[in-house]
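User: I should like a close look at a single part of this model, the charged side-chain pairs, followed by the strands and nonpolar residues that surround the topic. Please give one connected account, with the reasoning set out in full.

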Amino acid sequence: MRQAALPGMPEYNPKDLYAADRPNELSPAVKSFPSYVYVPNTESNTVSVIDPATYQVVRTIPVGDQPQHVVPSWDLKTLWVNNDLGNSLTPINPATGQFGTPVYVHDPYNLYFTPDGKSAVVMAESDREIVFRDPHTMAIQTVLHVPCEGVNHADFSPDGSYFIASCEFSGQLVKVDTARHKLLGEVSLERGAMPQDVKISPDGSVWYVADMQTSGVWTLTGDQFKITGFIPTGLGAHGLYVSRDSKSLYITNRGEGSISVLDFATNKLVQKWKIPGHASPDMGGVSADGKVLWLTGRYDSEVYAISTADGHLIARIPVGDGPHGLCVYPQPGRYSLGHTGIFR
């Protein structure tokens, strides 16, 4: 284990950043929580709650306007529904399933947490801002204006000293100092690029950025902040998820209804799983036991449960309209970096 550069961040394994995410290795903080899949329906302004044991929706709860993602807090005790146009975050107590009183937060398209747990990081996409807030009260700490449009997804360096975020509408990436809340640099992708999800490899050597327009994944070095390559995956590449054994990266291709599987050891694609019929796999997460990849069907008002053993479709579950950043909870890990569940 190695001490982090960011004071207060837990030590980490430089050979495998996801070492704490092994199957069913739940933190004591969440071991007693019931297992559910929380699905924000962007166009219906609701959250559907799915029982993963039965693959059935057990509750549908009204929330604010245009909920985009359901995000686990750093301390694992709260789930936050990002009501983007509603300018609020709705808290969920995952121990009881109770939805709480919304907290005012302007333009919360997406939400992350710094690895030391000291700040919530709101991706205010329309405002062109990254807003650092108190992780519990959501009071503003710092407002960072970014030189790009559509800032929305991110991941953190192994030592926590910086994070890299994608800017969907201007085809850029930005690098930000975690502790100082300062911009460190920006990189432009090729013309017309629409970068989406961002994920770092288990050993921290490669960063992956899904690109919906170029239909593949960009690779880059984080420390040097340089693009190193491009891997075509499929039409509308969108979400990135790490397998429970840290060996594979699941890449959703929303435009063609498929999932590409990348082998971290070789940096090569090894499989492609096609969802039967019309499908629009978007955002999601991996089950606690690692056996099921849960994904929203963004334009089909449904959720997919996909076997990680062979990619077959286990279940197709009707939900509200515009399902987006679903959260499988609880998941293994010591703490959450946010989004739909980035655990370390």
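Analyst: A salt bridge is a side-chain nitrogen of Lys or Arg within 4 Å of a carboxyl oxygen of Asp or Glu. The model is predicted, and by this rule the count comes to nine salt bridges.

The pair to examine closely is that of Lys-272 and Glu-256, whose side chains meet with 2.8 Å from N to O. That value lies within the 4 Å limit, so the pair qualifies as a salt bridge. Lys-272 belongs to strand β24 (residues 268-274), whereas Glu-256 sits in the loop between β22 (248-253) and β23 (258-263), so the contact ties together parts that are 16 residues apart in sequence. Both partners are partly exposed: Lys-272 has a relative accessible area of 46%, and Glu-256 one of 26%.

Asp-155 and Arg-344 offer a second case, with their closest N and O atoms 2.9 Å apart. Asp-155 lies in strand β13 (residues 151-156) and Arg-344 in the segment after β29 (327-329), so this pair ties together parts that are 189 residues apart in sequence. Here Asp-155 is buried, as is Arg-344.

Asp-177 forms a further salt bridge with Arg-180, the closest N and O atoms being 3.2 Å apart. The relative accessible area of Asp-177 is 13%, which is under 20%, and Asp-177 is therefore classed as buried. Salt bridges also link Arg-254, Asp-282 and Arg-298 in a network.

Turning to the strands, β6 (residues 88-93) is mostly covered, since five of its six residues are buried. Strand β5 (residues 79-83) pairs with β6 in the antiparallel sense over five bridges, and in this pairing Trp-80 stands opposite Pro-91. The two strands form a hairpin with four residues between them, and Asn-87 in the turn has a positive phi of about 50°.

Strand β6 also runs antiparallel to β7 (residues 98-99), to which two bridges join it; Asn-93 has Gln-98 of β7 as its bridge partner. These strands, β6 and β7, likewise form a hairpin with four residues between them, and the turn contains Gly-97, with a positive phi of about 80°. Two bridges join β6 to a further antiparallel strand, β8 (residues 103-104), where Val-103 stands opposite Leu-89.

The nonpolar residues complete the account. In soluble globular proteins, nonpolar side chains tend to be buried together. The largest nonpolar core in this model has 50 residues, of which Met-123, Ile-130, Val-151, Phe-163, Tyr-208 and Leu-249 touch the most other members. Strand β14 (residues 162-167) supplies the largest share of this core, five residues. A second, separate core of 18 residues includes Phe-33, Val-81, Ile-92 and Phe-99.

Ile-130 illustrates how the largest core is assembled from several stretches of the chain. Leaving aside neighbours within four places in sequence, the residues in contact with Ile-130 include Val-121, Val-122 and Met-123, then Thr-142, Val-143, Leu-144 and Val-146, and finally Val-151, Phe-163 and Val-176.

Key:
Residues numbered from 1 in each chain as written. Predicted model: local features only at pLDDT ≥ 70, side-chain atom pairs only at ≥ 80, totals over all residues. Heavy atoms only, no water. Buried < 20%, exposed > 50% of the residue type's maximum accessible area, 1.4 Å probe, protein only. Pairing = 2+ DSSP bridges. Core = buried A, V, L, I, M, F, W, Y, C linked by side-chain atoms within 4.5 Å. Contact = heavy atoms within 4.5 Å.
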